[in-house]
Amino acid sequence: MTLAIVLAAGTSAAGLTTAGLTTATGEPLADRLAAQLRLAGADQVRFAATLDELSDLVSTATAPVLITGTDLVAHTAVLRHLATSPVGPTVALVLGDPPVPGRTAVREERGQVVDAGALDALDGAATGVFGGALRVGVDDLPTLAAAARAAASGMLPVAAPIGPAGDVAPMPATGGAGARGSVAAGGPGSAVDRLFAGLTALGTLVFAQRVRLLVAHRVEDPAGLTAAEAAVTAVDEDRAELRLSVKEKDDFFSTYFVSTWSPYLVRLSARLRLTPTGVTVISVLFALGAAVLFGVGGRPALVGGAVLLYLGFVLDCVDGQLARYTRHFSAWGGWLDTMADRAKEYLVYAGLGFGVSHAGLGNGWALAIAAMTLQTVRHMTDTWYGVLHDEAARRPRTATNASGGIGDRLNAASTRVQADTGSVSYWLKRTVVFPIGERWALIALTVALFNPLVSLIAVLVWGVLAFAYTGALRTLRARWMWVPVLDTVDATLHRDDGPLVRWLPVVRPMGPLTLAVIAALGPAVLLVAALLSDAPDGLRWAVPVALLVLLIGGLGAGAAHNGPLDWLVPAALRAAEYLFAIAVGVVGAAPGWLIFGYVFVLTVHHYDLTARLEKRQAAPPLHAATLGWEGRSVLLALAAIAGIAGIGLATLGAYLLVVFVVSVVLAWFVRPARSARASVAPAGAGGAAPR
């Protein structure tokens, strides 16, 4: 049950009380906010006259809590977006209004509130002001209660461990510039401002919810209230929400060739009561149809496939836009969308590869395997660089990396380009990295105008150039940021280590990244030798050698992953395993489609891990049964030595696919159903369900 609290304590920035403001209809503003919170999804709305009262209410909550002050005038959609925001468990409304004394100013990076407090405490780095409303996730409620108690007592909370009772180490408020998140707890200003500043000072990860197209203002007096109400009335709320369903900053092709008309499909889908998941399934069918037509060949089929591919991409955008328009977000839907995107793209590669081979234009499966492997390794670096950047945004710059150096200059240049929305440099930067819209557009155009061979070669060439460009720049920027990320998560899980790694010694001096790169070199050399050999079967003796080199990657599993470039370790290990599997298939004369299928199953498994990382979820239920990258490689090596590489690839691939499917069913259907039954189980002799 979602609880909403209207906090009436405190005064405005001008030192005036806002609890008694009355709207144009004669209704108290606090009462209208309560009604809006109910429309935004709150099951229960309570009023808190003091921060101590709010702390007591929060202490009994078992679901996310919505909190507002009594000075907010906004569209109901603003509160609904806050309540349903998928970006994180704790989200705060942030306005672009100029910071003023008495209000909590914020500094945000990459959508995260990285600093909050008095205006002078931010040293001119403020990017906005707190909007007077926030949603706090369940895990952060003890910290919220502690911040409320500290603010109520006139003490300034500092970043310190939360004790068993939710207590914090306080320090007297100074009323001036101070530590991160400092605020004059006993001075004038809204209680919700003091509460929010205290929450961030305790180190809570808070994401920013910006207001775009809709209206939200904090008011201090009747004149301000009247002006804000007029601004709200002047905006068509539903039309604004439809426009908001489109990403504010998207890629070039998506912006000009999809989002210009996809909102019409969004509205139609909503009227037809289609769900985002349903639209995702339809987009998969379109991509599958395109792949089949690419495999069939012939100009009509290739053109038809290109059209289906474009429409499938449009629907791929529509499912997310529909979720934002209807506010139907779910962990399952987000996971499915991520997995479906990759599955669709790689099915298209399979269709192109078959089409090349079927038309006698060359070894299409080899090109398809190369494109899939390249794209997956690229995505692994993208994922972990995003984690790196988010972690860097939360950490203050040290004296050694605060300024200077090429990394600093690159970071500043990137920030300037990103801020210059719509400029030539902005679009070049977003296009050169070869995002999914540009990939699908390139495939559709080249296959319709030429043939699948040209399409696959174009994808590979642009993909390699984009990988080299992003890899070089990110490496320089990462060395400047010097922020470890793998030591903040379960490194064993995201390395995809198996049980055999535990038996290997730990080599610390070389570092896990160096060892992972060396691990990829053995399989790479074997693969090149097999491709150049007239009799690759004669290289079976080299498979154990390549395996031994591959296992070097396991020597760094127990070492600290805190180097500036160790975020590349998962991608390096993915490349090592894929190269070894491909080399085994080539040496064992396995058919190209079988090698493609096996690597495809591996990519599905690894994308599952990254999707769970992005959604902050635990390991898949049957992760241990996947054997780890080293266990799978050992089994393939044994199959190759025995002369049954094809059988080994088919058997292990089928096994992994079954494990993946069962894991998905357990994670997304069986376990949630059990939890739901447990939550409504009879309690006590009378059998009454808990409320």
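## Exercises on pockets, cavities and one buried arginine

In this predicted model, the second largest pocket holds about 410 Å³ of space. Its lining is made up of 22 residues, and those closest to the centre of the pocket are Ala366, Leu527, Leu531, Ile582 and Val586.

**Exercise 1.** Determine which elements give two or more residues to the lining of the second largest pocket, and how the lining divides by class.

*Solution.* Begin with the elements: α13 (364-394), α19 (512-532), α21 (569-587) and α22 (592-614) each give two or more residues to this lining. Then sort the lining residues by class, which yields 17 nonpolar and five polar residues, with no charged residues.

**Exercise 2.** Describe the largest cavity by its volume, its lining and the element that supplies the largest share of that lining.

*Solution.* The count of cavities of 30 Å³ or more comes to three, and the largest cavity has about 60 Å³ of space. Next, list the lining of the largest cavity, which consists of His605, Asp608, Pro620, Leu622, His623, Thr626, Leu656, Val659, Phe660 and Ser663. Two elements, α22 and α24 (645-679), supply at least two residues each, and the largest share, four residues, comes from α24. Finally, the classes of this lining are five nonpolar, four polar and one charged.

**Exercise 3.** Work out which residues line the second largest cavity, and which element gives the most to that lining.

*Solution.* The second largest cavity has about 40 Å³ of space, and the residues that line it are Met380, Trp384, His494, Arg574, His606, Leu609 and Thr610. Two or more of these residues come from α13, and two or more from α22; the most come from α22, which gives three. By class, the lining of the second largest cavity has three nonpolar, three polar and one charged residues.

**Exercise 4.** Decide whether Arg439 is buried or exposed, and identify the side chain with which its own side chain makes a polar contact.

*Solution.* First place the residue: Arg439 lies in helix α16, which spans residues 436-449. Its relative accessibility is 3%, and because buried means under 20%, Arg439 counts as buried. The side chain of Arg439 makes a polar contact with the side chain of Glu345, at 2.6 Å. Beyond its neighbours within four places in sequence, Arg439 is in contact with Arg342, Glu345, Tyr349, Gln375, His379 and Phe434.

**Exercise 5.** State what share of the residues of the chain counts as buried, and how many helices and strands the chain has.

*Solution.* Of the 691 residues, 51% count as buried, and the secondary structure comes to 24 helices and 12 strands.

Note on methods: Residues are numbered from 1 along each chain as its sequence is written. This is a predicted model: local features need pLDDT of at least 70, side-chain atom pairs count only at pLDDT 80 or more; totals for chains, interfaces and linings use all residues. Side-chain values use heavy atoms; hydrogens and water are left out. Buried means under 20% relative accessible area, exposed over 50%, partly exposed in between (1.4 Å probe, protein chains only). A polar contact is a pair of N or O atoms within 3.5 Å; within protein, one must be able to donate a hydrogen and the other to accept it, and residues adjacent in sequence count only if both atoms are side-chain atoms. Contact means heavy atoms within 4.5 Å. On a 1 Å grid over the protein atoms alone, a cavity is a set of points where a 1.4 Å probe fits but cannot get out, and a pocket is an open set with protein on both sides within 12 Å along at least five of seven lines; lining residues have an atom within 4 Å of a point. Grid points are joined across faces, edges and corners, and a volume is the space filled by probe spheres set on the points. Ala, Val, Leu, Ile, Met, Phe, Trp, Tyr, Cys and Pro count as nonpolar, Asp, Glu, Lys and Arg as charged, and the others, Gly among them, as polar.
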